[in-house]
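User: Could you take me through one part of this model closely, the surroundings of the ligand, and then show me what else is worth a look? I work at the bench, so plain language suits me best.

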Amino acid sequence: MQRYYVTTPIYYVNDKPHLGHAYTTIAADVLARWHRLNGADTWFLTGVDEHGQKVLEAAGKKGISPQAHVDAMVQPYKDLWARLDIRYDDFIRTTEPRHKAVVQAALLKLKEQGDLYEDVYEGWYSTAAERFWTEKDLVDGKCPDTGQPVQWVQETNWFFRMSRYGERLREWIEAHPDFLQPASRKNEVLGYLRKDLGDLCISRPAARMSWGIPFPWDESFVTYVWFDALLNYVSAVGFSPQGENGPDFARRWPAQHHLLGKDILTTHAVYFSTMLFALGLEPAEHLYAHGWWTVEGEKMSKTIGNVVDPHLLVDEYGADVVRYFVLREIPFGNDGDFSHKGLLERTNADLANDLGNLLHRASSMTGKWLGGRIGALDAPTPADLELQGLADRAVAGFARELEAAQFHKALESLWELVRAGNKYIDTEQPWALNREGKTERLGGVLTRCLEIIRVAATLLQPVMPTKARELAAQLSLNADPLLALGCASLDHLVAGTVLPEPAPVFPRLLELPPRIQEALAKAQAPTPPPPPPSPSLPVPEPPVDETTPAAPALIGIDDFGKIQLLTGRIVAAERHPSADRLLVLQVELGEDKPRQIVAGIAARYEPQNLVGQQVVVVANLKPVKLRGIESHGMLLAAGGKDVRGLVTVGEPLPPGTLVR
Ligand code: MSP
């Protein structure tokens, strides 16, 4: 049986969790869910790093004991993971006895085998970075990592003979080309190893910093927080340096993936690997160092951090959208910027327009023309076979890229299929099939589209667990979990199954939620401009509020009679050259040539998906110029400002038929 063990860094509990913590934990959760779904013996470990100076200082500021502080800080992490739908198998705290015992046993083993020695140490010590620096490391006399002041410290300490294992590590890296990822990071570590690899100071005199695991043979020392913390990956799965390993250890170790931020690659790649060699263990298969997020173009700080407070994001967008966005937006390994406008645009384009639209089209046409029952597949045409080929490639690509932690590529691979589904509708023209009474083909075409939704619902389970269930429910598939591999074949749905009433799974976001706008204003970040008011909205305004429209004045039938409503068929559609929200349509109205109509529906519809649609047109509106392009009429649509759907006519009618 395939096994899969994935870890996140354990987070310092000096403060509440932020977007950076959420990012790694989401990525690990997606990998764990994916492997679980495919039947691997999976283990996902996360936790918190509770010792060290930073935590001690945070407790001091609150005027409480470090133990009371760490006890209080665990819950915020667990709460956030619950809200983000993180399903870990184990959560380790470094103050737990199961961990302390392993750290102490490791120290004893290393001492016994001559890997530890005592020496006087002098150097510049940075409290913020919790490490010593040499004179030449300093930048303007300050800590190069944190920019904080350093102090000259002279003290006796215990050292780990890291230098003994440097050569072995170099060889290991050369022999395991996938050990350090992304590949660009490998040279960084090899560069570090090319310098003379010194020994590692792994104690702190308790008199100076008491908040740590005491040395087993001398309580006047506590363990250096990194030596303590890194061992969590093995202590949590039952490693016992001196005795018998726990029953699961051989099953879990070596781990497949340690995910971490780029700033802590050296500690993992160099300190931890050499520690493992000394303890008789091999390192994990892959260390994946991801990049850092900036927020609205700024380095993450307390102030700007508030605009991406993970709780706020979950409140306003929902966990699934946050999970999707952070993994889709930037390649795992690169730095990237989190902007709310970026989130809005990406989720509208990918989720509402591509995937949501495909679901909407396939299920509503099935509802209208097939009595809401899934149609039977007909004999495949070349176009159908091509679609199947695409589905095979999309699923294989998704699996391959996801397993390599290339989340953005995995999702892109699936989206190629989703977009192909929308194109397939355009070319197969189910409305024409319906009009011409080709019911068998109509059933086959719509079912293949529903099959694509099923593939998406299956593959998206690890990324968007709730939305995936909602998508599946729209297909009357309520079995959980769906199998991920082997889902590519577009013939799983059972003909005759009744579909539920279509419901939107991915509503469009018209504008940034008010709480986000407030947070942005507070952080004095430039607020994204509201969507430009468009005179071309297909529905007259007001009313704007779709749930409780303001009661309009009553009109007589004569007034209504002044409006000429006609059926029309869209024969061409393209984007307006200078307005994002507008499409320029050519609509056949039974006149000598098609009418040009400019409509504010670009956020909801891709132009190519509109061709062939039968719509309702206000035909006697005075022509207007919209951003320089003439419009001779208006389409009817539901949803006010947030266009939810064009008004269409179920029966095929000649263009220009009067609507009353
Ligand atoms: N306690 C150590 C890790 C020990 S692992 C054995 C630690 N903790 S931390 O809480 O300071 O940071 C944890 C993680 O958050 C790191 O992987 C770091 O890269 C990540 N991030 C901190 N700020 C970040 C961003 N702005 N963006 C993305 N990740 C960031 O280090």
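Analyst: Happy to help; here is a walk from the ligand site outward to the sheets and helices.

Please keep in mind throughout that this is a predicted model.

Let's begin with the shell around the ligand. There are 23 residues around the ligand, and those that come nearest are Ile 10, Asp 49, Gly 261, Asp 263 and Trp 293. Sorted by class, the shell holds 13 nonpolar, eight polar and two charged residues. Several elements each supply at least two residues of this shell: strand E2 (11–12), helix H1 (19–37), helix H7 (225–230), helix H8 (232–235) and strand E12 (257–261). Of the contributors, H7 gives the most, with three residues.

Now for the polar contacts. Ile 10 places a polar backbone atom 2.8 Å from a nitrogen atom of the ligand. Trp 293 also uses its backbone, with an N or O atom 2.9 Å from a nitrogen atom of the ligand. At Tyr 12, a polar backbone atom is 3.1 Å from an oxygen atom of the ligand. As for cover, the ligand taken alone exposes 670 Å², and the protein buries 93% of that.

Trp 293 gives us a handy way into the first sheet, where strand E14 covers residues 293–295. Three strands make up this open sheet, in the order E15-E14-E16, and their pairing is mixed. Strand E15 (298–299) and strand E16 (336–338) are the edge strands, each pairing on one side only. E14 and E15 are joined by two bridges in the antiparallel sense, and Thr 294 stands opposite Lys 299 of E15.

A second open sheet has four strands, ordered E6-E5-E7-E9, with antiparallel pairing. Strand E6 (131–133) and strand E9 (200–201) are at its edges with a single partner strand each, so one side of each is left without a neighbour in the sheet. Strand E7 (residues 151–160) pairs with E9 in the antiparallel sense over two bridges. There, Phe 159 has Cys 201 in E9 as its bridge partner. In general, strands of a sheet pair through backbone hydrogen bonds, either parallel or antiparallel.

Further along the chain there is another set of strands to follow. Strand E17 (residues 565–575) and strand E18 (residues 583–588) run antiparallel and are joined by six bridges; here Ala 573 stands opposite Leu 585 in E18. E18 also pairs with strand E19 (residues 595–599), again in the antiparallel sense, over five bridges. Val 584 has Val 598 in E19 as its bridge partner. The hairpin of E18 and E19 has six residues between the strands, and Gly 590 takes a positive phi near 80° there.

Two helices round off the tour. Helix H18 (residues 439–459) has 21 residues and reaches 30 Å from its first C-alpha to its last, close to the 30 Å expected at 1.5 Å a residue. Of those 21 residues, 19 are buried, so H18 is largely enclosed by the rest of the structure. In helix H6 (residues 184–194) you will find Ser 184. Ser 184 counts as exposed because its relative accessibility is 56%, and the cut-off for exposed is over 50%. Ser 184 and Glu 329 are 145 residues apart along the chain, and their C-alpha atoms are separated by 20 Å.

Technical notes
Residues numbered from 1 in each chain as written. Predicted model: local features only at pLDDT ≥ 70, side-chain atom pairs only at ≥ 80, totals over all residues. Heavy atoms only, no water. Pairing = 2+ DSSP bridges. Near = heavy atom within 4 Å. Polar contact = N/O pair within 3.5 Å; in protein donor to acceptor, adjacent residues only side chain to side chain. Areas by Shrake-Rupley, 256 points an atom, 1.4 Å probe, with all protein chains shown as cover. Nonpolar A, V, L, I, M, F, W, Y, C, P; charged D, E, K, R; others polar. Buried < 20%, exposed > 50% of the residue type's maximum accessible area, 1.4 Å probe, protein only. Expected span 1.5 Å × (residues − 1).
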